[in-house]
Amino acid sequence: MYENRRLGLAYISPYIIGLLVFTAFPFLASLVISFTDYDLINAPEYIGLDNYRNMISDDTFYKSMSVTFAYVFLTIPLKLAFALFIAFVLNFKLRGIKFFRTAYYIPSILGSSVAIAVLWRAIFSLDGLLNNFLGVFGVEAISWLGEPVFAMFSVTLLRVWQFGSAMVIFLAALQSVPQSQYEAAMIDGASKWQMFTKITVPLITPVIFFNFIMQTTQAFQEFTAPFVITGGGPAESTYLFSLYIYDTAFKYFDLGYGSALAWVLFLAVAVFTAISFKSSKYWVFYSGDKGGK
Amino acid sequence: MKIKTIALLVGMASIGSMISVNASADELRMSWWGGNSRHKATNAAVDEFEKANPSIEVKTEYTGWGGHLQRLTTQIAGNTEPDVMQTNWNWMPIFSAKGNGFKDLREYADVLDLTQFDESALAAGTNNGKLNAIPISMAARVFYFNKDTWAKVGLRFPTNWDEIMAAGPIFKEKLGDNYFPLILETNDLLGMARSYMVQKYGIGMIDEAGEKLAYSDAQILEFFKLYTNMVDNHVIPSTKYIASFGAANMYEHKPWIDGEWGGIYMWNSAVNKYNNNLKPPMSLGLGFYPQLPGATDAGLFYKPAQMFSIGKNSDKPREAAMLINFILNEPAGYKAMGLARGVPLSLAARRALALDGTISDTDLSVAGLAQINDLPKNIKVSPYFENPKLVSLFKGLIEKMDQGQMTVEEVAKDYKKQANRILRKAIK
């Protein structure tokens, strides 16, 4: 028994060590650093809650926090609706469906890489692909990255475009909805739309909830797209919180304040997730809920 | 039992991979920032060094300017910095206020020939009596203009501030809305506005003793109005227009490549990067340095272009010093380097490169340096002038003004308040 346990631990040791060294330690270290004044070069100096207190009068803190929430609230509904819609379409038995499933999933494999962000910049630049395309129809060039509202839209769209992973999960959920329920509804004379809203959606709410939580926590931490495409500009309109954390820690070399900001973001995500979980009992239905086992 | 052994091996391997072991005893690491021409030349010089010293292998790590300081700071904080690194003049107070952040290069004077350098130049790399960095070349910001664009508009290069201002409407009228006589990014704009103010009032921007801005309220307003006037006169594009091309390097933007942006206020040591990116056959020419009537100082941002330092944790400092000496003072080194790091300060290198025609006035950085050497430049730039927070503040306020969120008066007022707070904290 004991022998087996040791063997098991040895097997999982690469993961455990990685978790301890690269996740748990930095996680706790940043909490400690957030109570200090630390510039990476000189020894950290304990300053209590000063870093947290300074946020109250920090305009950039409020600005980038509101930009982040705007980004999340803009991205998530769009992305989930789009992923569900595409999954719904791809659930039909059409010719070449496997090709389309693959094609729509590819943007997610490319992920939020720098290369894709550079491509995005080239598309939305004033002299970019999009304006050239619109120019064919006589539309005057639009400053996608120079106007605050459009800039936010351009950055948001990159994340929405990467709907593949959410789509695949939706697709799996759609396929697990029992065919008999649709047949029963059909006999009762339900329309396609009624079947979708009254049968499909309620039955896959657990999966919608899962996708919602996963996508939200990721969206709060978005960094690459705004960093590469707009650099947070113009006038801080795409200055997401993660950019502010990065600038504070590695451009201004204020590791203490940067760590404190990171912890505030962590708490914001935690609170937001907790509220989502609380609300879930009103709109998420598990098949075991009624009737029980 | 076999399985157990394998599992143990996997576990040990994963630990082993985290403790990186230096592969060879005679391996040096060297890092720098720059553009493609510098990367190529430095790698060539390093190859020559390896040929001359077959027992030493040099691993090079190079990036663009963006993010380089962040990367290096993380390395220094983790005691994993390279043996030889290119450093910047205003990093000295960050890394080595007491002189112990880098090795003292004087200790290796037997392999690193310091007699090739002017003592006043070495002073720029000296902290607390220790020579932490050796300047490679000196540089300042000057004006360069696109010869072809200015010929197209039918103007000769401007000789004073008024002519710069007057060129804007002519560019707009003759070439169209997209054409501007100049393009200024945040740091260029800051440097140029400071130069103008030095010429006009004879003072620098930062009062280090008072830990605040040296300008009066009216002067701060004038500082910002210089920008708004230039934008209104079509001399430079607004930040809003520049932002519409995304966050890439300016010289990678299409309007620069195509010659729509007709000039820069740039380090003479960095100008070739901008020149090389123009669509052939376009090229840059050195502009005149505008001087206000009666000005006793040009207000140049004059400083060592780059320096070399040896990491305090280097276990092969002698070899590192040999590498620096090879690049700066030995023929095979400085010939491979050419002018990719500006006109060398090393006397031996400068003499040899002048004799073989490498240093000639046809080179933009050489021509720029000759102009710099002729201009009066006694008012020194404070090392806090490019404090990252101060630069961000300036950039943010200009952008807010361009987006119509603030007036120039509000910007000037806010800048004073916040800049003084930043300076107080930075200088203390």
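**Stop 1: the two domains of chain B**

Start by colouring chain B by domain: the centres of domain 1 and domain 2 of chain B, taken over C-alpha atoms, are separated by 30 Å. Keep in mind as you go that this is a predicted model. To make the selections, use 26-138 + 304-355 for domain 1 of chain B and 141-301 + 374-427 for domain 2 of chain B, as the domain assignment gives them. Now look at where these two domains touch. Domain 1 of chain B brings eight residues to the contact, and domain 2 of chain B brings seven residues. On the domain 1 side of that contact you will find five polar residues, two nonpolar and one charged.

**Stop 2: a five-stranded sheet in chain B**

Next, show chain B as a cartoon and find the open sheet of five strands, whose order is β2-β1-β3-β12-β6. Its pairing is mixed. Which strands stand at the edges? They are β2 (57-63) and β6 (134-139) of chain B. Each of these has a single partner strand, so one side of each is left without a neighbour in the sheet. As you step across from one strand to the next, the twist averages 15°.

Within this sheet, select residues 27-33 and 84-87 of chain B, which are β1 and β3. These strands run parallel and are joined by two bridges. To see a bridge pair, pick B:Met30: its partner in β3(B) is B:Val84.

**Stop 3: a three-stranded sheet in chain B**

Move on to another open sheet of chain B, made of three strands in the order β10-β7-β11, with antiparallel pairing. β10 and β11 of chain B are the edge strands, each pairing on one side only. Neighbouring strands here are turned against each other by 40° on average, with direction ignored.

Now select the strand between them, β7(B), at residues 141-146. How many of its residues are buried? Six of the six are, so β7(B) is largely enclosed by the rest of the structure. Show the side chains next. In a regular strand, side chains alternate between the two faces of the sheet. In β7(B), B:Arg141, B:Phe143 and B:Phe145 point one way, while B:Val142, B:Tyr144 and B:Asn146 point the other way. Both sets are buried, with B:Arg141 and B:Asn146 among them.

Follow β7(B) to its partners:

- Residues 263-267 of chain B are β10, which pairs with β7(B) in the antiparallel sense over five bridges. Here B:Val142 has B:Met266 as its bridge partner.
- Residues 284-286 of chain B are β11, which pairs with β7(B) in the antiparallel sense over three bridges. B:Phe145 is bridged to B:Gly285, and B:Asn146 stands opposite B:Leu284.

**Stop 4: helices on the three-stranded sheet**

Keep β7, β10 and β11 of chain B on screen and add residues 186-201 of chain B, which form helix α8. Helix α8(B) lies across β7 and β10 of chain B, running at about 85° to β10(B). Then add α16(B), which packs on the sheet and touches β7 and β11 of chain B. The direction of α16(B) makes about 20° with that of β11(B).

Zoom in on α16(B), residues 364-374. Which of its residues are buried? They are B:Leu364, B:Ser365, B:Val366, B:Gly368 and B:Leu369. What covers these buried residues includes β7, β11 and α12 (271-276) of chain B.

**Stop 5: chain A and its contact with chain B**

Finally, bring chain A into view. Its secondary structure comes to 13 helices and two strands. Along its principal axes, the C-alpha trace of chain A spans about 75 × 75 × 35 Å. Of the 293 residues in chain A, 29% are buried. Among contacts in chain A between residues at least 6 apart in sequence, 70% join residues at least 24 apart.

Now select the contact between the chains: 29 residues from chain A and 32 residues from chain B take part. Three helices of chain A each supply at least two residues to the chain A side: α1 (2-33), α11 (224-229) and α12 (241-251). The largest share, seven residues, comes from α1(A). Colour this side of chain A by residue class to finish the tour, and you will see 18 nonpolar, seven polar and four charged residues.

Definitions and conventions: Residues numbered from 1 in each chain as written. Chains lettered and ligands numbered in written order. Predicted model: local features only at pLDDT ≥ 70, side-chain atom pairs only at ≥ 80, totals over all residues. Helix = DSSP H or I, 4+ residues; strand = E, 2+ residues; numbered from the N terminus. Nonpolar A, V, L, I, M, F, W, Y, C, P; charged D, E, K, R; others polar. Buried ≥ 20, exposed ≤ 12 C-beta atoms within 10 Å, placed from the backbone. Pairing = 2+ DSSP bridges. Domains from an automatic or database assignment. Axes fitted to C-alpha atoms, helices over the stretch in contact; angles between N-to-C directions.
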